[in-house]
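Please read the following briefing alongside the sequence and the coordinates. The points are grouped by topic.

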Amino acid sequence: LEENFFEGKIPEGYYSLETLQTLSLSDNDLTGTLSSNIANMEALESLLINGNRLSGGIPTEIGNLGFLANLWLQMNEFTGPIPTEIGRIRSLQWLDLSNTPLSGTVPSELGLLNVLRFLDLYSM
């Protein structure tokens, strides 16, 4: 569902897709927040929502996504700190938080991501 000029919020029903492995909504015009109900998407391996206008904090519940390998949140309007709970996603290989107005320090818990191959925190 990339590059389709979608507007508005991520539909709440998406968060009920417990067996979905990839959610790709990159490069649209989505607004609102990323719901804490993201934790319901237990089978999610790739969350690709970069290039939108999503705002608010990154929900701590994202740390419950045990199969997540790719987390692309770059080029959004997320604020606040990087959740330390991201360090619990031991399957995470690709983490891109670049070009977002996040603040604070980089949590030491990111050092627990043993299989991480790509980390981009440019222009946070």
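**Sheet, aromatic cluster and core**

D96 stands opposite D120, a residue of strand 9. The model is a predicted one, and the strand pair that holds these two aspartates, strand 8 (residues 94-96) and strand 9, runs parallel and is joined by 3 bridges.

**The sheet**

- An open sheet is built from 5 strands, which follow the order 2-4-6-8-9 and pair in parallel fashion.
- At its edges are strand 2 (22-24) and strand 9 (118-120), each of which pairs on one side only.
- With direction ignored, neighbouring strands of this sheet are turned against each other by 10° on average.

**The loop between strand 8 and strand 9**

- T100 is found in the loop that lies between strand 8 and strand 9.
- With a relative accessible area of 2%, T100 falls under the 20% limit and therefore counts as buried.
- The T100 side chain reaches the backbone oxygen of L97 at a distance of 2.8 Å.

**Aromatic pairs**

- Searching the whole structure gives 2 aromatic pairs.
- One of them is formed by W72 and W94, whose rings lie 5.9 Å apart from centre to centre with 45° between their planes, a tilted arrangement.
- This pair links distant parts of the chain, since W72 belongs to strand 6 (residues 70-72) and W94 to strand 8, the two being 22 residues apart.
- W94 also pairs with F118, and because the planes of these rings stand at 20°, with the centres 4.0 Å apart, the pair is stacked.
- As W94 lies in strand 8 and F118 in strand 9, the stacked pair ties together parts that are 24 residues apart in sequence.
- W72, W94 and F118 thus make up one aromatic cluster.
- The members of the cluster are partly exposed, with relative accessible areas of 26% for W72, 33% for W94 and 27% for F118.

**The nonpolar core**

- In soluble globular proteins, nonpolar side chains tend to be buried together.
- The largest nonpolar core here comprises 28 residues, and the members that touch the most others are L34, L47, L71 and I86.
- Once neighbours within four places in sequence are set aside, I86 is in contact with I62, L71, L92, L95, L110 and L113.
- L71 therefore appears in both descriptions, being listed with I86 among the members that touch the most others and also among the contacts of I86, where contact means heavy atoms within 4.5 Å.

Definitions and conventions: Residues numbered from 1 in each chain as written. Predicted model: local features only at pLDDT ≥ 70, side-chain atom pairs only at ≥ 80, totals over all residues. Heavy atoms only, no water. Core = buried A, V, L, I, M, F, W, Y, C linked by side-chain atoms within 4.5 Å. Buried < 20%, exposed > 50% of the residue type's maximum accessible area, 1.4 Å probe, protein only. Pairing = 2+ DSSP bridges. Helix = DSSP H or I, 4+ residues; strand = E, 2+ residues; numbered from the N terminus. Axes fitted to C-alpha atoms, helices over the stretch in contact; angles between N-to-C directions. Polar contact = N/O pair within 3.5 Å; in protein donor to acceptor, adjacent residues only side chain to side chain. Phe/Tyr/Trp six-rings, centres within 6.5 Å; stacked < 30°, edge-to-face > 60°.
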